[in-house]
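Open the model in your viewer and keep the selection panel at hand. The tour below goes from one selection to the next and says what is there.

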Amino acid sequence: MSTRILTKADLAGLVADLLSAGTRVVAPARVDNPQVAAYRPIASFDEARLDGPLPPRSPKEFFLPPTEVLLRWQKKKDGIELQEVATEHPKQVILGARPCDVAAVEILDKVMGWDYRDELWFGRREATTIVSLACRGVDKSCFCTAVGSGPDAQKGADILLVPSDGDAYLAQILTPKGQALVEAHAQRFGEASGAEAAKSFREAATRKVASNLPIEATKLSGWLADNYEHELWKRLAMRCHGCGACAAVCPTCHCFDIVDEPEGIDRGVRRRNWDTCQAGKFTVHASGHNPRGTQNERFRQRVLHKFSIYPKRFGELLCTGCGRCARACPAGMDLPEILGQIAKLAGAGVPTGGTK
Amino acid sequence: MNLYQPYLMRIEEAVDETPDTRTFKLVFQDPKVAESFDFQAGQFGEYSAFGEGESTFCIASSPTRKGYIECSFKEAGKVTGALRKLGVGDTIGFRGPYGNRFPVGQMEGHDVVFIAGGIGLAPVRCAIWNVLDQREKVGDVTIVYGARSVGDLVYKRELEGWAKRSDVKLWQAVEPGGEAPDWKGEIGLVPAIVEKAAPRSADAFAVVCGPPIMIKLTLPVLEKLGFSEERVFTTLENRMKCGLGKCGRCNIGPVYVCKDGPVFSAKELKALPQEL
């Protein structure tokens, strides 16, 4: 791993280079509402808002689109003809994504790759270089430090930028893909300097987030598995509407539905669409029987999947502590606060003076 | 070819088992796929009616019968409704085989009891034929099958065949009020008929499938009869979309039914959270 320095002017130049070479650049960027940013393809560096507000949605849609075509079919005289979709994708760079968002992509590689390899996911993964930007901590809903991560985490990134002296970023080159990007644009990167400033940025951000939820969420797995019938699960989700906003904004929620849609009387598409375990119909059997018939059971599933099932299966929490679910919930379901309650029961760190 | 791209299959035969249940015999359109396709008893697939979507059923035919597969399904929604409208010569999509299998190999030298209710006979039938096609390899074979009424019994032609075999003990049952005037079988619920049939349990295997409540009430009967919970198997049919362990739908606690199942021993079932 090596380190370089990248000034803001050189970063703008790098983006211009990439765009002129035909690479798609996705970054947190302005949208019509000035209070909001969104991860979207940018046409120039001016559109990017690297130090702006946290985009309400993570960039997972650039790997797992909210809706995507799996195949096309057409009725012919002697049967059905199928048309495959491409699993190769044009090059893209995701720039300035938060470490929590970037970690999610690497976590999801596990479920997308176990046994059966999802070529649609990995096609986009392979075409993408991720340049993340260390975060200064957003607000009281952040809890990345509680899930074993941090505002300067490297997981999932090919290059991590850390704000340093003045207008410069310290660029940590983490993977061969990151190295290739630096080599292809070597004139944009200078000799490393400003390590002290970057270090104090990281420390300040970590301190800020760590006080939000001082627990170790990696230690909840056993308690969750052993307390399936705990009374907690009978009351926690009484407020939940089952709207699934939490899953839509979550960088690690990846559940999907597969549906057919007509495109004419003799042809149509099969699509994969985002879905959520919080929806009542998610698990309904053909007979009408529903193994998760209440919202409390569905909420338990969401918490267990993230903090017990996924870690047991894949060795990683299915949560990066971004806090989006808590910010997005119209009913005030607050996952970090709930994790605090569970941690107390599980003896995995006791929140002092409340978690908010 | 991406994971979600189905094989195309031609419907060779279509049989109405009951007013709402249909069986298809299917062959692969691509001869190369037909040649290389292999599966084990208990595995399932995703069947598609193009334009409506996919539905999950077990493969109901035995792996000992090469060159085709069969599936049986009950019309219950959009996809099964569209599939039911298809007939001989029509094309459907198939992805699979997915999931684990019944331990047919381990049954060699042992008695085997098959217990099914309603359309639950479909996955069990796969194992029944798998065993009957190598009849000399196992001990006694007992089949207990029940349905709500005579009209709801599936695979009637095969039930007749099994009834005539001297190397199979068949117990057929319908629920009270479900019998026809000429009904010669049992009247009662499956768990009670299993208790009455009282098959020999020493070192025996049992395969059970049916509505969740039937499975739930049959397992204690088998336990009472002395069956080892490690040799009693059932197959679960949770709602699925991908069948590949990705779409996040079919899990029961830590277990993915599509990958760790659909076949589970009674012992494994007991260890799962009660979310069935």
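Is Met107(B) buried or exposed? The model is predicted, and the stops below should be read with that in mind.

**Stop 1: Met107(B)**

Select Met107(B), which sits in the loop between strand 6 (91–98) and strand 7 of chain B. Met107(B) is buried, because 23 other C-beta atoms lie within 10 Å and 20 are enough to count as buried. Now add Val112(B), Val131(B), Val138(B) and Phe205(B) to the selection: leaving aside neighbours within four places in sequence, these are the residues in contact with Met107(B). For a long-range distance, pick Met240(B) as well. Met107(B) and Met240(B) are 133 residues apart in sequence, and their C-alpha atoms are 29 Å apart in space.

**Stop 2: strand 8 of chain B**

Val112(B), one of the contacts of Met107(B), leads to the next selection, since Val112(B) stands opposite Val141(B) in strand 8 of chain B. Select residues 141–147, the whole of strand 8 of chain B. The strand is mostly covered, with seven of its seven residues buried. In a regular strand, side chains alternate between the two faces of the sheet. Here Val141(B), Ile143(B), Tyr145(B) and Ala147(B) point one way, while Thr142(B), Val144(B) and Gly146(B) point the other way. Residues of both sets are buried.

Which strands pair with strand 8 of chain B? One is strand 7 (residues 112–117) of chain B, which pairs with strand 8 in the parallel sense over six bridges. Another is strand 9 (residues 169–174) of chain B, also parallel and also over six bridges. To locate the pairing with strand 9 of chain B, select Val144(B) and its bridge partner Trp171(B).

Next, show the helices that connect these strands. Helix 3 (residues 121–132) of chain B joins strand 7 and strand 8 of chain B in a right-handed β-α-β unit. Helix 4 (residues 156–164) of chain B takes the corresponding place between strand 8 and strand 9 of chain B, again in a right-handed β-α-β unit.

**Stop 3: the antiparallel sheet of chain B**

Stay in chain B and colour strands 1 to 6. These six strands form an open sheet with antiparallel pairing, in the order 4-3-6-1-2-5. Strand 4 (53–58) and strand 5 (69–74) of chain B are at the edges; each has a single partner strand, so one side of each is left without a neighbour in the sheet. On average, neighbouring strands of this sheet are turned by 40 degrees against each other, direction ignored.

At the strand 4 edge, select strand 3 (residues 44–49) of chain B too: strands 3 and 4 pair in the antiparallel sense over six bridges. Tyr47(B) has Ser55(B) in strand 4 of chain B as its bridge partner.

**Stop 4: chain B as a whole**

Zoom out to chain B, which has eight helices and 15 strands. Its radius of gyration is 18 Å, close to the 19 Å that the globule rule gives for 276 residues, so chain B is as compact as a globular protein of that length. Along the principal axes, the C-alpha atoms fill a box of roughly 50 × 45 × 35 Å. Buried residues make up 51% of chain B.

**Stop 5: chain A as a whole**

Switch to chain A, with ten helices and twelve strands. Its radius of gyration of 22 Å is close to the 21 Å that the globule rule gives for 356 residues, so chain A too is as compact as a globular protein of that length. The C-alpha trace spans about 70 × 65 × 40 Å along its principal axes, and 45% of the residues of chain A count as buried.

**Stop 6: a sheet of chain A and the interface**

In chain A, select strands 5, 4, 12 and 11; in that order they make an open sheet with antiparallel pairing. The edge strands are strand 5 (79–84) and strand 11 (256–262) of chain A, each pairing on one side only. Strand 11 pairs with strand 12 (residues 267–274) of chain A in the antiparallel sense over seven bridges, and Pro262(A) has Gly268(A) as its bridge partner in strand 12 of chain A.

Finally, show both chains: 40 residues of chain A are in contact with 32 residues of chain B. The largest share of the chain A side, six residues, comes from strand 11 of chain A. By class, that side has 24 nonpolar, eight polar and eight charged residues.

Terms used
Residues are numbered from 1 along each chain as its sequence is written. Chains are lettered from A and ligands numbered from 1 in the order in which they are written. This is a predicted model: local features need pLDDT of at least 70, side-chain atom pairs count only at pLDDT 80 or more; totals for chains, interfaces and linings use all residues. A residue is buried if 20 or more other C-beta atoms lie within 10 Å of its own, exposed if 12 or fewer, and partly exposed in between; C-beta atoms are placed from the backbone. Helices (H or I, at least four residues) and strands (E, at least two) are DSSP runs, numbered from the N terminus. Two strands pair if DSSP finds at least two bridges between them. A crossover is right-handed if, with the strands pointing away from the viewer, the path from the first strand over the helix to the second runs clockwise. Two residues are in contact if their C-beta atoms, placed from the backbone, lie within 7 Å. Ala, Val, Leu, Ile, Met, Phe, Trp, Tyr, Cys and Pro count as nonpolar, Asp, Glu, Lys and Arg as charged, and the others, Gly among them, as polar. The radius of gyration is taken over C-alpha atoms; the globule rule is 2.2 Å times the number of residues to the power 0.38. Axes are lines fitted to C-alpha atoms, for helices over the stretch in contact, and angles run from 0 to 180 degrees between N-to-C directions.
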